[in-house]
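Let's take a walk through a protein model together. Keep the 3D view open beside you, and turn it as you read.

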Amino acid sequence: MNWSEVTIETTKQMTDILCAMLTDIGFKGFSVYDPDDFEDLMAGRVGHWDYLEEGLAEALTQGNPSVTVYIPENAQGAEQLTALKTMLAQLKAGEQADMFGTLQMTMKGICEEDWANNWKQYFKPLPIGERLWITPTWVDEPIPVGRTALRIDPGSSFGTGQHDTTKLCLTFLEGCVEDGAHVLDIGCGSGILSIGAMLLGAKDAFAVDIEQNAAESAAENAARNGIDLANYQTFCGNILDDEALVARLGDGYDVVCANIVADILIAMRKLFVRFMKSDARLMLSGIIDERLDEVLTAMQQEGLMVLNVEHSAGWAAVLMKK
């Protein structure tokens with residue numbers, strides 16, 4: 001399998017925090033570069049260095065601190081890359097953006113533009129639950145009897161159905177969405193969750209994401225699935241600091257789903273309650289197992305009740321009700 005090296009430029013004081021956030025979206029290992037480390041080593045040397053190659057000191061002390069991760073060139077890797085890009089966009093739009101530095105992302109091994117096509121070979125049709133059949137738009141194969149096709153072309157947005165967090169949410173949706181349901185998809189990515197809800201019988205859905213390309217991708221995928229866009233609306237913005245957007249989204253939802261990361265879910269806990277009608281269902285995912293208790297505690301403090309928790313490959317999804 002081929003791997004791509006992805007490096008994110010940051011600041012010294014935020015390196016550990018950035019690594020923690022990368023852990024939250026599924027990265028298990030990092031390579032951290034800090035030019036000060038070499039300066040400290042040289043300042044404290046005690047005769048162990050007999051010779052230092054000309055130009056090496058300069059090369060090792062140039063540039064800003066950075067964190068490097070490695071992403072496999074397959075469908076899961078494509079999901080990781082889009083999750084990483086979304087996380088960086090959220091950081092750049094947040095109140096602490098200046099503290100994180102440029103957050104410039106560079107790739108080696110493969111051009112970012114090539115991902116959109118190279119990973120498609122790994123994206124195959126797959127069943128979810130008992131009713132849905134996730135299929136790429138470029139695959140023309142018969143749909144199994146009793147299954148409803150959910151045709152998806154994520155482009156550069158998260159959500160192919162291949163990732164464990166997405167599978168867990170879609171499985172929850174199958175048991176929660178009733179005919180005529182009013183659905184809100186927060187951090188919609190490709191729109192796969194809200195589109196799945198529509199195909200399962202929802203009356204309408206609102207989908208919101210911090211990235212414009214995700215909102216556009218969700219609308220395009222909804223149209224591909226024969227959904228009337230009068231009943232499927234997409235929005236771009238950050239609901240954590242955009243009260244006007246929150247007001248536009250309204251309330252009274254029967255189902256709210258959010259497949260993001262633990263810290264963002266916790267920050268949104270009061271908004272979840274605001275969006276939900278009485279007895280509504282809330283589906284949360286994108287939670288690594290190590291952060292599950294923290295997320296559950298935050299939600300329960302807002303009066304939300306846990307109905308079910310499912311795990312898959314180190315990830316957790318939670319079904320709750322108001």
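**A guided tour, starting at the pocket**

Begin with the largest pocket, which is lined by 40 residues; those nearest its centre are M87, Q90, I260, V261 and I264. Four elements each give two or more residues to this lining: α1 (15–24), α4 (75–93), β9 (204–209) and α10 (262–267). Helix α4 gives the most, with eight residues. The volume of the largest pocket is about 870 Å³. As for chemical character, its lining is made up of 21 nonpolar, 14 polar and five charged residues. Please remember that you are looking at a predicted model.

Now pick out one of the residues nearest the pocket's centre, Q90. You will find Q90 in helix α4. Is Q90 buried or exposed? Its relative accessible area is 18%, so Q90 counts as buried, the cut-off being under 20%. Apart from neighbours within four places in sequence, Q90 is in contact with I210, I260 and I264. Two of the names in that list may sound familiar: I260 and I264 are also among the residues nearest the centre of the largest pocket.

Let's step back and take in the whole chain. It has twelve helices and 14 strands. Of its 322 residues, 51% count as buried. Which residues touch which also tells you something about the fold. Among contacts with a separation of 6 or more, 69% are between residues 24 or more positions apart.

For a close-up of a strand residue, go to V69. This residue lies in strand β3, which covers residues 66–72. V69 counts as buried because its relative accessibility is 0%. Which residues does V69 touch, leaving aside its neighbours within four places in sequence? They are S4, E5, V6, L22, F27, G29 and F30. You can also try tracing a path from V69 to M107: these residues are 38 apart along the chain, and their C-alpha atoms are separated by 9.8 Å.

Next, look for charged partners. The whole structure holds eleven salt bridges. One of them joins the side chains of D34 and K12, with 2.5 Å from N to O. This pair links distant parts of the chain, 22 residues apart: D34 sits in the loop between β2 (31–33) and α2 (35–43), and K12 in the loop between β1 (3–9) and α1. The two partners have their own surroundings. D34 is buried, with a relative accessible area of 11%, while K12 is partly exposed, at 43%.

Another salt bridge brings together the side chains of R291 and D24, at 2.3 Å from N to O. Here the partners are 267 residues apart, so the pair links distant parts of the chain: R291 is in the loop between β12 (276–288) and α12 (292–300), and D24 is in helix α1. R291 counts as buried at 13% relative accessibility, and D24 counts as buried at 5%. These two residues also belong to a wider group, as D24, D263, R291 and E294 are linked in a network of salt bridges.

A further salt bridge is formed by E302 and K270, whose closest N and O atoms are 3.2 Å apart. E302 lies in the loop between α12 and β13 (305–312), and K270 in helix α11 (residues 269–275); with their positions 32 residues apart, this pair too links distant parts of the chain. E302 counts as partly exposed at 23% relative accessibility, whereas K270 is exposed, with a relative accessible area of 53%.

Finally, turn to the cysteines. How many disulfides does a search of the whole structure find? It finds zero. Take C188 as an example: the closest cysteine sulfur, in C236, is 9.1 Å from the sulfur of C188, and that is too far for a bond, because a disulfide needs sulfur atoms within 2.5 Å. Seen from the other side, C236 is in no disulfide either, and its nearest cysteine sulfur is that of C188. C188 is buried, with a relative accessible area of 4%, but C236 counts as partly exposed at 33% relative accessibility.

Terms used:
Residues are numbered from 1 along each chain as its sequence is written. This is a predicted model: local features need pLDDT of at least 70, side-chain atom pairs count only at pLDDT 80 or more; totals for chains, interfaces and linings use all residues. Side-chain values use heavy atoms; hydrogens and water are left out. Buried means under 20% relative accessible area, exposed over 50%, partly exposed in between (1.4 Å probe, protein chains only). Contact means heavy atoms within 4.5 Å. On a 1 Å grid over the protein atoms alone, a cavity is a set of points where a 1.4 Å probe fits but cannot get out, and a pocket is an open set with protein on both sides within 12 Å along at least five of seven lines; lining residues have an atom within 4 Å of a point. Grid points are joined across faces, edges and corners, and a volume is the space filled by probe spheres set on the points. Ala, Val, Leu, Ile, Met, Phe, Trp, Tyr, Cys and Pro count as nonpolar, Asp, Glu, Lys and Arg as charged, and the others, Gly among them, as polar. A salt bridge is a side-chain nitrogen of Lys or Arg within 4 Å of a carboxyl oxygen of Asp or Glu.
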